[in-house]
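Subject: Structure handover

Hello,

Here is the structure I promised to pass on. Please open it first, then read my notes beneath it.

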Amino acid sequence: MLWTAGGCALSELVSEGASVMFTKSTADGIQGIVLDAVGTLIDPSPPVAEVYAAAARRQGVHLEVAVVKSRFQRHFRDDELDEARGPLATDEPGEYRRWRRIVTSVLGEVPDPRRAFDELWDHFGRPEAWSCFPDVAPALRAIREAGLAVRIASNFDARLRSVVAGLRELSEVVEPVIISSEVGFRKPHPAFFRAACEGLGLPPDRVLCVGDDPDTDVRGAVDAGLRGLLLDRHGRRPEDLPFVTSLAELPVPRRD
Ligand SMILES: [Mg+2]
């Protein structure tokens, strides 16, 4: 069995300065891959801030997209931090309330925040609101050809199921999608990763988790006994985590 990454042998990969690209041990012996959804496979298109600003405009409130973007980043991050300080327990009503809090905070000026929330909740539950990154389809094909099991595993709610089902690139990994609101715990809680491994029918040490968040996707996975690999799409070059910059570099074993 050979290991390839982005078309070159793993032995050709080197560390870049203090950054740690993945090594063979990151993926040696894996039999399954767990992929995060948002930021890893899919991206909101048009961007979140534009969609929120348009919802405000429909109620006669004109907000700069840059202002909305800054507010969204702050309130989303604060909400995530609050969650991380708590038990990381979740369910469908909890996710619904969480997004109502975020929308209400970001669009504080709109006269009918409930209407804005309903519109945005519906929008982001539709596949047309999302696009797949261009490296997704080839990576899924390589994973499949390598004979590896694969699951999408996301901090999301049941809407993710219809989003995934409607995106052609993801059609072959539609089910079962592992969703935090259905598991009962959000990443990085170990119960989430246990559920993902059970979904794959594999022990944690045979599973590689790949995602764009260092804490929830990589450190959380490693703490739960999986391997973890950061997808560093934006060149942040983490100093202490194995990473790839594209799904084209995924360490997929090739059976020869
Ligand atoms: Mg993500």
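L88 sits in the loop that links α3 and α4. The model is predicted, so please read every value below as computed. The phi of L88 is near 65°, a positive value, and L88 is not a glycine. Is L88 buried or exposed? L88 counts as buried, because it has 20 C-beta neighbours inside 10 Å and 20 is where the buried class begins.

Next, the two helices on either side of that loop. Helix α3 covers residues 65-85 and helix α4 covers residues 92-106. Their axes come within 9 Å and cross at roughly 145°. The crossing of α3 and α4 is right-handed. On the α3 side, the contact uses V68, R71, F72, H75, F76 and D79. On the α4 side, it uses R98, R101, I102, S105 and V106. By class, that contact has five nonpolar, four charged and two polar residues.

A second helix pair is worth a look. The axes of α2 and α5 (residues 113-123) come within 10 Å and cross at roughly 145°. This crossing, too, is right-handed. From α2, the residues in contact are V51, Y52, A55 and A56. From α5, they are A116, E119, L120 and H123. Here the classes are six nonpolar, one polar and one charged.

Now the strands. β4 (residues 32-35) and β7 (residues 149-154) run parallel, joined by four bridges. I33 stands opposite V150 of β7. β7 also pairs with β8 (residues 178-179), again in the parallel sense, over two bridges. In that pairing, S154 has I179 of β8 as its bridge partner.

Then the cores. Which residues touch the most other members of the largest nonpolar core? They are I152, A196 and L208, in a core of 52 residues. Helix α9 gives the most to this core, with six residues. Apart from that core lies another, of 15 residues, including A55, V68, L107 and V110. Two of these appeared above: A55 in the contact of α2 with α5, and V68 in the contact of α3 with α4.

Back to A196 for a moment. Setting aside neighbours within four places in sequence, A196 is in contact with V34, R151, A153 and I178.

Helix α10 spans residues 214-223. Its buried residues are T216, D217, V218, G220 and A221. They pack against α9, β9 (207-211) and β10 (227-231). G225 follows α10, and the phi of G225 is positive, near 95°.

Last, two cis peptide bonds to check on screen. One runs from S45 to P46, with omega near 5°. P46 is in the loop between β5 (42-44) and α2 (48-57). The other runs from K187 to P188, with omega near 10°. P188 is in the loop between α8 (180-183) and α9 (190-200).

A viewing order, if you want one:

- Start at L88, in the loop between α3 and α4.
- Go on to the crossing of α2 and α5.
- Follow β7 to its parallel partners, β4 and β8.
- Finish at the cis bonds before P46 and P188.

Best wishes

Note on methods
Residues numbered from 1 in each chain as written. Predicted model: local features only at pLDDT ≥ 70, side-chain atom pairs only at ≥ 80, totals over all residues. Pairing = 2+ DSSP bridges. Axes fitted to C-alpha atoms, helices over the stretch in contact; angles between N-to-C directions. Left-handed = near helix turned anticlockwise from the far one by under 90°. Contact = placed C-beta atoms within 7 Å. Nonpolar A, V, L, I, M, F, W, Y, C, P; charged D, E, K, R; others polar. Buried ≥ 20, exposed ≤ 12 C-beta atoms within 10 Å, placed from the backbone. Core = buried A, V, L, I, M, F, W, Y, C linked by C-beta atoms within 7 Å.
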